[in-house]
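Dear colleague,

I am passing on the structure below, and after it I set out what turned up when the backbone and the internal spaces were examined. Please read the notes with the coordinates open beside you.

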Amino acid sequence: MKLTGAQALIKSLEMQGVEVVFGLPGGAILPVYDPLLDSSIRHILVRHEQGAGHAAEGYAQATGKPGVAIVTSGPAATNIVTPLADAYMDSIPLVVITGQVATSTIGTDAFQEADTTGITMSITKHNWLITDADDIPRVVREAFHVATTGRPGPVLIDLPKDVSNATMEWYWPRQVSLPGYKPTTKGHPKMVREAARMIAAAEKPIFYVGGGVVRAHGSEVLTRLVDLTQIPAVTTLMGRGALPDSHPLCLGMPGMHGNYAAVMSMQKSDLLIVLGARFDDRVTGKVDAFAPYAKVIHIDIDPAELGKIRHPDIPIVGDVRSVMEDLLVELEEVRESFRDISLWRKEIHSWQENYPYTYDRSHEGPPLKPQFVIERIRDLNTDDTIVVSGVGQHQMWASQYWRFEKPNMWINSGGLGTMGFAVPAAIGAKVGRPDRTVWVIDGDGCFQMTAQELVTATTERVPIKVAILNNAYLGMVRQWQEMFYDERYSEVYLSPDLPDYVKWAEAMGCVGLRVVDPSDVDAAIEKANSITDRPVVIDFRTDTQEKVFPMVPAGKSNDEIVLGEEGL
Amino acid sequence: MNSEISSIVPIGGAIRTPNEFRHHILSVLVENKTGVLARVAQLFSRRGYNIFSLAVAPTDDDRFSRITVVVDVDTAPLEQITKQLHKLVNVIKISEIDPDDAIEYELLLATVAADAATRAQVIELVNLFEGRIVDVGSTKLTVMVTASPSQLDDFEALIVEYGLVELQRTGRVALQKLGKPTTKRKQMKGKVS
Ligand SMILES: Cc1ncc(C[n+]2csc(CCOP(=O)(O)OP(=O)(O)O)c2C)c(N)n1
Ligand SMILES: [Mg+2]
C-alpha cells in the first residue's frame, strides 16, 4: 500500500493508539493536517503552541498515556520548547511532532526554518530529523518506545515538508531496535536483599517518595511497603498522592515550603529510603547539611540519578515499582528482626502535632485567605478531583492544603517551575479524563501567561474550573523581596482589577465569577461545580500580604527552617 | 596566511599543561548517525564537563563510530559523565581506558619557519621523532609527527623555538594494550533510561 509520508505519520499514530493530539497547523506541517481530517484521532486546536505542549503534558499525567502535540516549523517549534523542557524535568512522556522546511532548503535560513533538533537536543530524551518517508513508521515506533519506557520523558520528531509529501510503501515495524537504549527495570537481587537488611536495622528510617513512584504506578505497592514496615513517608511536590494523605504515616511535603515534620524527619533520619526521587535542591536545601546522619538507599530507574547529588550506600537501578515489590518479599523474610521504631514515630508525631501548617483562621471579611479558599474547594469536591496548579505561592498552598488520596490527581510544574502551565495542562487532563472534575488553582500572574487557552476549552467543550488566587502580585517573588530584599518591591505589582478577570472569562465563553467576601466562597465553588457545559473562572480576591510558611531560605540548611512571621 | 616571520605566534606547549591524573580516556562506541557528535558535545557543555581532546572516526563496522574523548574529571566525577553519556540513545558502549594501560597515539601537523640557517636542524628534530616533512616552501616546512600525546608535547616544546606558523593536533585515539590483565579496564554496560 502506497502512502504519503503525512498519511504514514497519521497511520503510525493510530497504530500507537493515539486518541487525541493537541496542535496548531502552519506551512511546513500542512501536509500532515490533511489526512488528519480522515483520521479517528481527535485534534484539539490550541491558541498558542505552548498550550499544545502543556495540554499534552496534562493529558499524559492524567491518563498515564503519552501526550502528543503537532505543530509547524520555526516559531511554532520554538513555542513548544518550554513544554519540552518542562516535561523533561518532570519525566512526562510526550511525543512532539514539528514540521520542518523541505530537506533541500535546510540550512539556508529558509522561511520559518529553525534548527529544531539542535535546539531541543538537551531537553528531550531523544529527537529525530526524518529525511526519508520510509523511516516514518520506524521512527514513530521508536519515539513512543523511548518516551514511555525507562525514565519517561519527551521526544521530538522533526518532519520536513517534502518528506511528508513523498510516497512510501506502508509497513509497521514489529519491534523496536535501539542497540544503545536498554533501560534496566529489574533491581539487583543482592542489593535489594541488602537494602531490606539495612531497613530492618534502621533506628530512624524515612521513605523519601518522589514523582517516580507516581510515574511507575507504584502507589499501591508503596502503601503495602509502608504498612509492613510502619516507616513514615514524605511525599515530595511531584510525589504528592503516591501515598494517601489520610494514611497515618504520610507526612506530606518536605523541602523549602514543606511542613516541619516532613523536613525534620529527614534531617534527623539515620536512613533515607529514596524512591523515585532525585535530591532536588528544593528538597535538600543546602546539600552538605541535608539529612547529615542518614545512610541512603536510592532506588531509581535512571542510573545517572544515583550519586548525582548524594552518594548512596545502596544504589539500586530499576523500575521503582518492581524494586519495591522485590523489597517487600525480602522484608517479609527479615520481618522478625525489624527494629522497634515506635519512639521515632512518636517523635515525628509530636512534630506533626506541634507544627502543622497554619494560617490565621480567625480572619474575617475581605481579603480572602488563600489557604481558606483552597480548603473550601477541597472540601466541596471529592477525592477524584484532579487539581492542576501554576507556579508560585498558590502552588505551594495547593500542595500543602489539598488532601491527595490518589496518585495522578495532582498536576503541576515541579522541576522547571513554568508559570502558565496550569490552564493548558488542565485542558489536557480534562480531555484525557472527561469523567473527572478538574480544578485549576492558579495565580493571577500565571493565569495571564496562557489564559487564552480558555478559548480552546470553550470551543472544544472542555469544562475546567479555574480558581485564580488573585493577590494582585507576582506573590512568590514579592515574598522573597519582602523577606530577603528589605521590602524593596521591584516589578512585582500586577493590580487586582486589570485585567478584569470576569469580563475576560466571559469574552472567552466561560462563566466568570468574583468573590471578595469569605461568606461567598462556598456559593461560588458550588456554582462552578454545577456548571458542566463550559469552563468557569473565579476571581478570588486574596490577601496580598500572605506568605508561604514554613520556609527554608534558599541555600540555607533545612535546620534553619522558618516556621512563620515570628521566626524572621 | 601571513608568511612574515613577525606574525609567528607561539602555539607551543605553554598552552597545554597536561595533567594525566585529571584526564581520563573514554572510548565511546556510538551509532554512526547524523548529529551524534553534536549530542555528545552538547551533553558535555550543558552539564559543565570539560573535554580535553576529542577524536571521532568510523570503525570497521560502518554502523558504528568511535569517539575517543579525554575528559577532565575535575569538572565532574567520571561516573556521572559516563552515566549521562549512556543516556544518549545513540551511545552503545563506553569503555574507560586507563592511561597506564593504553596505546595512545595522536597526529601533529605543523608549519615551521625554516630558512637556510635552521632548515637542517628542523629536519633533524623531525627525524628524531620519526616524523616526516610533508610540504616544503622557501622559508617554511610543514611537518607531520605521529606519537603519543606526551611525546608530541615534547616535540612541540622543541619545535616552537624555530618559530611556529601553524600547528594542528588531532586529539588522541586510544586502544587497550594487548595481553594485559583486564582488571584495570572498567567496562560499563549500556544501562540507559
Ligand atoms: C515563566 C516564568 N517566569 C518567571 C517565573 C518566576 N516566578 C516564580 S513564581 C512567580 C510569581 C507567580 O505569580 P502568580 O502567578 O500571581 O502566583 P502567586 O505567587 O502570586 O501565587 C514568578 C514570577 C517563573 N517561575 N516562570
Ligand atoms: Mg499572584
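How many nonpolar, polar and charged residues does the lining of the second largest cavity have? Before the answer, please keep in mind that this is a predicted model. By class, that lining has one nonpolar residue, two polar residues and three charged ones. The residues concerned are A:Arg378, A:Asn381, A:Thr382, A:Asp383, A:Trp402 and A:Arg403, and the space that they line comes to about 40 Å³.

When the whole structure is searched, two cavities of 30 Å³ or more are found, and the largest of them holds about 60 Å³ of space. Its lining is made up of A:Gln61, A:Val214, A:Arg215, A:Leu237, A:Met238, A:Arg240, A:Asn408, A:Trp410 and A:Asn412, which divide into four nonpolar, three polar and two charged residues. Where does the largest cavity lie with respect to domain 2 and domain 3 of chain A? Because domain 2 (189-354) and domain 3 (370-548 + 562-567) both give residues to the lining, the largest cavity lies between them.

The backbone also has some features that you may wish to look at. Most peptide bonds are trans, and most residues other than glycine have a negative phi. Against that background, a cis peptide bond joins A:Leu498 and A:Pro499, with omega at about 5°, and A:Pro499 is found in the loop between α21 (475-484) and α22 (501-507) of chain A. Another cis peptide bond runs from A:Phe549 to A:Pro550, where omega is near -5°, and A:Pro550 belongs to the segment after β20 (536-541) of chain A.

The loop between α21 and α22 also contains A:Glu491, a residue other than glycine whose phi is nonetheless positive, near 55°. Is A:Glu491 buried or exposed? With a relative accessible area of 74%, A:Glu491 is exposed.

A positive phi, of about 55°, is likewise found at A:Arg461, which is not a glycine either. A:Arg461 lies in the loop between α20 (453-459) and β18 (465-470) of chain A, and because its relative accessibility is 65%, A:Arg461 counts as exposed.

With best regards

Key: Residues are numbered from 1 along each chain as its sequence is written. Chains are lettered from A and ligands numbered from 1 in the order in which they are written. This is a predicted model: local features need pLDDT of at least 70, side-chain atom pairs count only at pLDDT 80 or more; totals for chains, interfaces and linings use all residues. Side-chain values use heavy atoms; hydrogens and water are left out. Helices (H or I, at least four residues) and strands (E, at least two) are DSSP runs, numbered from the N terminus. Buried means under 20% relative accessible area, exposed over 50%, partly exposed in between (1.4 Å probe, protein chains only). On a 1 Å grid over the protein atoms alone, a cavity is a set of points where a 1.4 Å probe fits but cannot get out, and a pocket is an open set with protein on both sides within 12 Å along at least five of seven lines; lining residues have an atom within 4 Å of a point. Grid points are joined across faces, edges and corners, and a volume is the space filled by probe spheres set on the points. Ala, Val, Leu, Ile, Met, Phe, Trp, Tyr, Cys and Pro count as nonpolar, Asp, Glu, Lys and Arg as charged, and the others, Gly among them, as polar. Domain bounds come from an automatic or database domain assignment.
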